[in-house]
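Reader: Please take a close look at the side chains in this structure. I would like the charged pairs first, then the enclosed space and the buried helix faces.

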Amino acid sequence: MTMEYAYRPLVQALRNFKEVHPVSFHVPGHKNGMLSGLPDDLRSVLAYDFTELAGLDDLHEPEGVIEEAQQRLSSCYGSDCSFFLVNGSTVGNLAMIYATCQAGDTVIVQRNAHKSVFHALELTGANPVFVTPAWDAVTKAVGTVSTEQIQSALELYPEAKAVVLTYPTYYGVTGTMLEETISLCHTYGIPVLVDEAHGAHFVVGDPFPCSALAMGADVVVHSAHKTLPAMTMASFLHVKSKLVSHEKIAHYLHMFQSSSPSYLLMASLDDARSYVESMDEQDKLYFIRRREDFIRGLGEIPMLQMVEADDPLKLILRVEGYSGYDVQEVLEGRGIFAELVDPYQVLFVLPLLKKGTDYPFEEIGSRISVALKDLQESHSTMNSLEVLQIHEGISSLVYTKRQLSQMEKEWVPFEESLGCISAASIIPYPPGIPLLIEGERIEEVHIQSLRALFRMKTKFQGTIRVQEKQVCVVKNRTEE
């Protein structure tokens with residue numbers, strides 16, 4: 001089904017350019033797809049894979065259709081200015097942190113942040129102060145920070161140059177304190193940078209949560225490809241602030257983004273903006289009804305438990321007596337692939353449907369029912385899963401990355417690591433939130449969590465010897 005939305009300046013420019021049958025004596029080397037060996041259905045899109053040609057503008061110095069597309073994006077989201085990102089939300093997180101922080105600066109960071117936030121802090125040489133939210137019993141995951149937690153951090157570190165928050169969480173949790181927290185930070189004259197990767201659709205309003213930008217955040221990054229119909233890597237960055245310079249943001253985006261940005265990605269961003277901007281009340285009502293029908297049908301499947309998050313696009317599925325990995329295995333055996341799996345559950349990201357767009361929810365429900373019958377036949381039940389211990393509160397690094405690079409390291413059994421300084425980050429994945437960050441002191445709560453994660457056969461990123469159950473620490477550096 002071909003859908004037409006409101007005016008999309010970049011999309012239209014690409015269509016107009018293709019219709020003149022241009023002869024390519026320029027990059028890219030596939031020559032409008034003619035030299036590509038990709039399958040036909042993939043090769044066909046290469047006819048639109050142009051470069052900076054007459055009439056197609058330049059992402060790094062926009063003054064034509066890309067400038068117009070970004071202005072329309074800014075108008076849609078109510079920002080001072082907005083940018084297309086072709087290197088994912090990662091580059092947006094890098095740019096907003098570089099634009100507000102430098103080496104030695106203190107930055108207050110919500111602990112359950114994306115790894116790109118930690119990478120940006122490492123690259124800038126800023127000193128992070130971590131604020132760990134409480135465990136959210138509903139989603140069985142770390143939740144959102146409270147205003148009181150941020151206030152405590154600001155009282156301890158009033159010299160902080162920025163506060164970096166994640167909203168919503170990967171699991172669709174928003175909490176109720178973001179606007180109050182942003183207002184608090186502004187009384188200190190400190191900008192709030194929000195990784196809203198999973199909330200690009202919040203701009204449509206009820207029944208979805210309020211956007212961080214509408215609540216006063218200074219810089220907001222959106223992964224348009226996560227919940228809007230944009231290609232993978234396609235993202236937005238918005239600035240609405242008296243505390244953060246959009247010229248600095250633009251400067252760092254110019255440095256960090258590819259000098260050969262994909263016009264396919266940018267066209268998909270223009271299209272995604274148009275899609276969400278044109279979503280009206282009838283569309284939202286249609287989405288709500290289709291979602292409710294799907295959930296009602298799933299509710300008739302024995303064993304299956306569902307958890308609805310603050311964000312209606314997120315739906316958590318659990319089966320008592322089985323791990324999320326068990327459920328994932330049988331679902332994938334029936335061709336159903338979830339966004340995320342953890343020891344407790346699987347997470348679905350539902351489609352942001354508009355009126356007239358169908359989605360095979362009934363067939364999907366039938367497949368899930370069959371998959372859960374497979375689960376009973378192929379997997380043994382297990383005792384109830386443990387709840388991870390979370391180190392709530394405020395913490396900082398003992399050593400910086402630069403200091404660690406000069407120190408000797410060694411591998412030790414994790415059970416014997418109490419008081420040691422972690423020489424590497426340990427990241428249960430998904431969702432990719434660090435349990436330990438290199439330079440942090442290992443405490444009893446970390447050991448308890450690792451013990452539980454090993455028992456639940458959790459996958460890890462970072463540096464850890466899973467089979468040997470060993471962690472890498474700074475040699476001879478323990479708590480006295």
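Author: The answer below starts with the charged pairs, moves to the enclosed space and ends with two helices.

The model is predicted, so local features need pLDDT of at least 70 and side-chain atom pairs count only at pLDDT 80 or more, whereas totals for chains, interfaces and linings use all residues. Residues are numbered from 1 along each chain as its sequence is written, and side-chain values use heavy atoms, with hydrogens and water left out.

Side chains of opposite charge can pair when their charged atoms come close. A salt bridge here is a side-chain nitrogen of Lys or Arg within 4 Å of a carboxyl oxygen of Asp or Glu. The count by this rule is 15 salt bridges. One of them joins Arg72 to Glu68, with 3.5 Å between the closest N and O atoms. Both residues belong to helix α3 (residues 65–77), where four residues, or about one helical turn, separate them. Helices (H or I, at least four residues) and strands (E, at least two) are DSSP runs, numbered from the N terminus. Burial goes by relative accessible area: buried is under 20%, exposed is over 50% and partly exposed is in between, with a 1.4 Å probe and protein chains only. Arg72 is partly exposed at 29%, and Glu68 is partly exposed at 27%.

Arg273 and Asp270 form a salt bridge with an N to O distance of 3.0 Å. Both residues of this pair are buried. They are three residues apart in helix α10 (residues 263–277), which puts about one helical turn between them.

What does the salt bridge between Asp358 and Arg290 tie together? Its N to O distance is 3.1 Å. Asp358 sits in the loop between β13 (346–349) and α13 (361–378), and Arg290 is in helix α11 (residues 281–298), so the pair ties together parts that are 68 residues apart in sequence. Asp358 is exposed, at 59% relative accessibility, whereas Arg290 is buried, at 18%. Elsewhere, Glu122, Lys401 and Glu438 are joined into one network by salt bridges that share partners.

Next comes the enclosed space. On a 1 Å grid over the protein atoms alone, a cavity is a set of points where a 1.4 Å probe fits but cannot get out, and lining residues have an atom within 4 Å of a point. Grid points are joined across faces, edges and corners, and a volume is the space filled by probe spheres set on the points. The whole structure holds one cavity of 30 Å³ or more. The largest cavity has a volume of about 80 Å³. Its lining includes Gln110, Thr144, Leu165, Tyr167 and Met177. At least two lining residues come from β6 (162–166), and at least two from α7 (178–187).

β6 and α7 are also among the elements that the buried residues of α6 pack against, together with β2 (106–110), β3 (127–132) and β14 (393–396); contact means heavy atoms within 4.5 Å. In helix α6 (residues 147–156), Thr147, Gln149, Ile150, Ala153 and Leu154 are buried. They lie on the same side of α6, because they cover an arc of only 160 degrees around the axis. The arc is that of the directions from the helix axis to the C-beta atoms. Glu155 and Leu156 are exposed on the other side of α6.

Helix α9 (residues 246–256) has Ile249, Tyr252 and Leu253 buried. These buried residues fall within an arc of 105 degrees seen down the axis of α9, so they line one face of the helix. They pack against β1 (81–85), α4 (88–98), β8 (219–222) and β9 (235–239).

Definitions and conventions. 1 Å grid on protein atoms, 1.4 Å probe; cavity = no way out; pocket = protein on both sides within 12 Å on 5 of 7 lines; lining within 4 Å.
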